[in-house]
Amino acid sequence: MSKPSLEMINSRPDDATLLADETKYCSFGDTVHYVEPPKIFDGCEGSYMYDKEGKAFLDLQMWYSACNFGYANERLNNVLKKQIDTLPQCASQYLHPTKIELAKTIAQGMEKRFGYEGRVHFNVGGSQCIEDSLKLVRNASGGKSLMFAFQGGYHGRTLGASSITSSYRYRRRYGHFGDRAMFVPFPYPFRRPKGMTAEEYGEHLVAEFARLFETEYHGVWDPKVGQAEYAAFYAEPLQATGGYIVPPRNYFKGLKKVLDQYGILLVVDEIQMGFYRTGKLWSIEHFDVKPDVVVFAKALTNGLNPLGGLWAREELINPQVFPVGSTHSTFASNPLGTAVGLEVLKMTSETDYEKMVMDSGAYFLEGLKTLEKKHKEIGEVDGLGLALRAEICTEDGFTANKALVDKMVDIGMSGDLDWKGTKMGLVLDIGGYYKNVITFAPSLHISRQEIDQGIELLDQLITRAKKEL
């Protein structure tokens with residue numbers, strides 16, 4: 001689909017009617033309104049969303065990195081259409097070819113990358129797959145329910161996922177979480193202590209974590225029996241909602257050494273950073289460590305029929321320890337999702353996505369650096385592949401400036417930016433500890449011309465926003 005057709009424009013209610021109905025009939029609990037009134041879109045293609053009038057909005061967040069391969073990707077859409085005419089539904093108690101082929105492809109890829117045999121377990125979306133991983137970890141550890149996780153980490157909004165997500169606001173209304181994780185600092189190079197290099201900062205945080213095991217009185221380790229109270233450490237290699245923070249390259253290697261020493265599993269959340277967002281199939285590959293469990297979702301189906309899953313080492317997930325029915329969903333391994341997921345992996349094996357994404361990311365980052373030099377309110381730009389960030393600050397280049405970011409989002413969604421005499425919009429996502437970081441997750445197929453367009457529109461945004469505040 002691209003721009004909405006005239007027939008579509010004339011057949012649907014106008015925006016005012018739809019928004020009035022949304023106000024009356026829709027739960028506000030299942031969405032986030034970033035602007036008021038909320039924007040209604042009617043079409044999408046490639047790197048763009050379109051409103052009812054056909055106005056283009058360049059999307060630099062691609063549905064929170066669910067559509068890595070562009071909106072309405074023809075190859076992937078055609079696989080979905082074909083599967084609808086072949087085997088659109090199949091109860092998960094039965095088998096179908098693409099489930100087995102997709103699991104095999106992922107598992108063989110993991111063995112090649114990390115050297116471990118393992119198996120793949122499917123579910124519908126990221127939060128559900130995190131829930132399944134928690135069950136798997138609890139089972140493997142003899143029922144231990146406590147986990148380590150990062151401050152600033154985000155793993156979903158189901159009850160179990162909320163317990164390992166550091167933001168209290170996701171738990172506040174739902175009672176006490178007795179199994180809440182112990183949250184430890186994530187290495188945030190831009191806001192590190194003065195006098196430390198990024199690498200020294202990473203080493204410092206690893207040493208601080210290791211100190212928890214020095215004595216029983218730190219509450220996580222019993223030296224008499226050599227056992228930790230915590231079963232696993234849940235980690236995003238790059239924090240997503242936390243602001244696309246890229247940790248020092250030495251950090252995870254040091255952390256994994258501590259975890260291995262004390263028998264604690266490393267569960268890597270690749271829900272937003274997987275499938276070449278950072279230039280590797282899995283973002284953890286950049287950091288030279290071997291995970292015990294990997295959770296994935298989102299871009300596996302390019303935002304089409306929802307599908308996610310987890311991979312775990314064989315000793316954690318084989319049928320003797322994790323038997324039939326250990327955790328189950330009606331729509332797990334649905335044939336529409338597995339068919340598209342298998343095609344995604346075929347497609348990425350045919351093209352050097354690593355080089356493509358790293359080259360495009362470097363080009364995009366250079367554009368952001370030109371803006372950083374021009375606008376002192378941009379405190380830092382950074383990124384890995386096409387997971388990029390711009391930290392928006394006050395004129396001191398450090399103090400978080402949420403008001404400026406909010407104004408930029410409003411202007412971008414107004415559709416009132418100028419591109420060579422044509423009005424258009426810009427779709428951004430905001431994250432970070434202080435909600436002042438623009439997190440960029442464009443299509444992995446974004447062209448150089450579209451990157452240039454994005455940089456020009458961002459320049460307009462920040463220039464106008466500073467004047468209007």
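**Entry 1: the nonpolar core**

I looked up the largest nonpolar core of this predicted model. The core holds 114 residues, and the members that touch the most others are Phe148, Phe209, Phe213, Phe252, Phe440 and Leu458. I then asked which helix supplies the largest share of this core. Helix H14, residues 448–468, does so with seven residues. As background, I noted that nonpolar side chains tend to be buried together in soluble globular proteins.

I next listed the contacts of Phe148, leaving aside its neighbours within four places in sequence. Among them are Ala181, Met182, Val184, Phe209, Leu212, Phe213, Tyr230 and Ile264. Apart from the largest core I found another one, of 25 residues, including Ala149, Val295, Ile317 and Phe322.

**Entry 2: the sheet**

I traced an open sheet of seven strands, with mixed pairing, in the order S4-S12-S11-S10-S9-S5-S6. Which strands stand at the edges? They are S4 (118–123) and S6 (182–184); each has a single partner strand, so one side of each is left without a neighbour in the sheet. Ignoring direction, I recorded an average turn of 20° between neighbouring strands of the sheet.

Within the sheet I examined one pair in detail. Strands S10 (residues 265–269) and S11 (residues 293–296) run parallel and are joined by three bridges. I noted that valine 268 has valine 294 of S11 as its bridge partner.

**Entry 3: a helix across the sheet**

I followed helix H6, residues 126–140, over the strands that it crosses. H6 lies across S4, S5, S9, S10, S11 and S12, and its angle to S12 is about 25°.

**Entry 4: helix H8**

Helix H8, residues 198–210, has 13 residues. I found a reach of 19 Å from its first C-alpha to its last, close to the 18 Å expected. Its buried residues are Ala198, Tyr201, Gly202, Leu205, Val206 and Phe209. Why do they lie on the same side of H8? Their arc around the axis is only 135°, which puts them on the same side of the helix. I also looked up what covers these buried residues, and the list includes S5, S6, S9 and helix H9 (251–261).

**Entry 5: helix H13**

Helix H13, residues 402–414, also came under study. H13 has 13 residues and reaches 18 Å from its first C-alpha to its last, close to the 18 Å expected. I listed its buried residues as Leu404, Val405, Met408, Val409, Ile411, Gly412 and Met413. What follows H13? Glycine 415 does, with a positive phi near 70°.

How values were computed. Residues numbered from 1 in each chain as written. Predicted model: local features only at pLDDT ≥ 70, side-chain atom pairs only at ≥ 80, totals over all residues. Heavy atoms only, no water. Core = buried A, V, L, I, M, F, W, Y, C linked by side-chain atoms within 4.5 Å. Buried < 20%, exposed > 50% of the residue type's maximum accessible area, 1.4 Å probe, protein only. Helix = DSSP H or I, 4+ residues; strand = E, 2+ residues; numbered from the N terminus. Contact = heavy atoms within 4.5 Å. Pairing = 2+ DSSP bridges. Axes fitted to C-alpha atoms, helices over the stretch in contact; angles between N-to-C directions. Expected span 1.5 Å × (residues − 1). Arc of directions from axis to C-beta.
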